Amino acid sequence: MLIFSGPSSAVTAKLLMDGLDGTEVGGTGFFYFNVTIGGNERIPITDFSIDGLPDINGSPDGRLVFGPGDVGTVVGETATSGNYIIELVKIHGWVGGENCGYGYGQGYGYGYGYDYGYGYGYESNYDYAPYLGYGYGYPFIDYGCSYGYGYDCDYGYGYGYDCGYGYGYGYGYESPDSRYTELAYRITVNTTGATVGTYDTVGTVNTGASGKSHFATSATSFTLVGTSSPIVTNASASRDPILNDNGRPRSPGTNAAVLSANVTDDGSGVSSVTINLTPIGGSAAQPMACVGDDRWEVTTNAVRGVNLTNQLVISATDNAGNCNDSVAIALTVLRRGDVYRDNIIGVDDAFYVLDYLDDPDAVIEPPSVLVGDVVDRYGRPEGDGVVDRIDALYLMECTIGAKDAP
Ligand SMILES: [Ca+2]
Ligand SMILES: [Ca+2]
Ligand SMILES: [Ca+2]
């Protein structure tokens, strides 16, 4: 196969590695590979290769190889090779996939194509002049040749061949609105399995031809970084302890806490932060939301975990899948009304309040307002900020089922 181009500058190729530089091993990055063919230049394209990549699935020994035909001719089409997804993001100046070939049933014709192809002759050709060799072409290794045409030279070659072979090549058109040909690929890389370090990559357009077998990019480097887990700091609850929740109204806020933490990651960035709320009756992986900068938080109540200091474990995951679950937020849950702390509402609680009120100088600790204020004098469940005989009466009535659990 011949090269039709002149100087090597007829083809320029470039790698743009910025989107992969700094990616954490295990994370996903991307780079661009652009090929430009100058006006009125034609080259055959066997495939593209990119050397110096990590030795991972899709690039053994650091080499990724793909052909234009693997990806397609329509922007947005993709091909997958191991950890790589190759997407055509730009195509410019290509002509429409002609192939040279024998016309159906008639003499030699030829056309232009992107690569090897062959064409079946058009069925309306007959065995008389001008022997139009119009044919449909099908690329058998490559690029977008959906049809082709040839023409008969009218030299008497027509001997009834019913198909023909064609050879095509990359093509740069010299015309006012299309003075060059360009292909651009965005190549997404899942770096799982790669080694931390700096890589020097070179992209190559392989022509498969003797003489000028390839056109290479300049070397371009990128660095993959380590596998550190996110760092979790300043983990805290806005309120601790909180009252258990059972559906009965409480003094506003007493049965909820905002759980929050700062989460940072020096590699691929924080992907998600969750917290295990099963000790207090919630989800095992309750999402926390990023509320600005590095701060993540979620608001919760508690229907379980009463009388316990619950350890709520945070799981912070980076974009490479590294997880830190070494930090927990402690949250104590108290049963409302259980001033005598035995985790049940009983006469002991009512008497505790009454005993204290009878003798405020007694040795017993005063009942906490948070736990002991279960009702106000009008019977409202939010309470009134004091613990008095109304509360004791409510607790007593609870023990006989006359009132809802506080
Ligand atoms: Ca990390
Ligand atoms: Ca009790
Ligand atoms: Ca009260």
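The buried residues of helix α4 pack against two other helices, α2 and α3, the latter spanning residues 369–372. The buried positions in α4 are D391, A392, Y394, L395, M396 and C398. After α4 comes G401, which has a positive phi, near 80°. The model described here is a predicted one.

L395 is a useful residue to follow from this helix into the rest of the protein. Setting aside neighbours within four places in sequence, L395 is in contact with G337, I345, D349, A350, V353, V374 and P406. L395 and V353 also appear together in another list: they are among the residues with the most contacts inside the largest nonpolar core, along with I275, I314, L331 and V333. This core has 39 residues. Several elements each supply at least two of its residues: the strands β20, β21 (257–264), β22, β25 (295–300), β26 and β27, and the helices α2 (347–358) and α4 (389–399). Where does this core lie with respect to domain 3 and domain 4? Domain 3 (231–334) and domain 4 (347–399) both contribute residues, so the core lies between them. Another core lies apart from this one; it has 26 residues, including A13, L15, V71 and L183.

Next comes the sheet. Five strands make up an open sheet with mixed pairing, in the order β20-β27-β26-β22-β23. Its edges are β20 (242–243) and β23 (286–287); each has a single partner strand, so one side of each is left without a neighbour in the sheet.

The strands can be taken one pair at a time, starting from β20. β20 pairs with β27 (residues 323–334) in the parallel sense, over two bridges. Within this pair, I242 stands opposite V333 of β27. β27 in turn pairs with β26 in the antiparallel sense, over eight bridges, and one bridge joins N310 to L331 in β27. These two strands, β26 and β27, form a hairpin with four residues between them. In the turn of the hairpin, G321 has a positive phi of about 90°.

On the way to the other edge, β26 (residues 309–318) pairs with β22 in the antiparallel sense, over five bridges. Here I275 stands opposite I314 in β26. Both isoleucines belong to the list of residues with the most contacts inside the largest core. The last pair is β22 (residues 270–275) with β23, which is antiparallel and has two bridges. In this pair, T274 has P287 of β23 as its bridge partner.

Finally, some totals for the protein. How many helices and strands are there in the protein? It has four helices and 27 strands. Of its 406 residues, 43% count as buried. Among contacts with a separation of 6 or more, 64% are between residues 24 or more positions apart.

Conventions:
Residues are numbered from 1 along each chain as its sequence is written. Chains are lettered from A and ligands numbered from 1 in the order in which they are written. This is a predicted model: local features need pLDDT of at least 70, side-chain atom pairs count only at pLDDT 80 or more; totals for chains, interfaces and linings use all residues. Two strands pair if DSSP finds at least two bridges between them. A residue is buried if 20 or more other C-beta atoms lie within 10 Å of its own, exposed if 12 or fewer, and partly exposed in between; C-beta atoms are placed from the backbone. Two residues are in contact if their C-beta atoms, placed from the backbone, lie within 7 Å. A nonpolar core is a set of buried Ala, Val, Leu, Ile, Met, Phe, Trp, Tyr and Cys residues joined through C-beta atoms within 7 Å. Domain bounds come from an automatic or database domain assignment.
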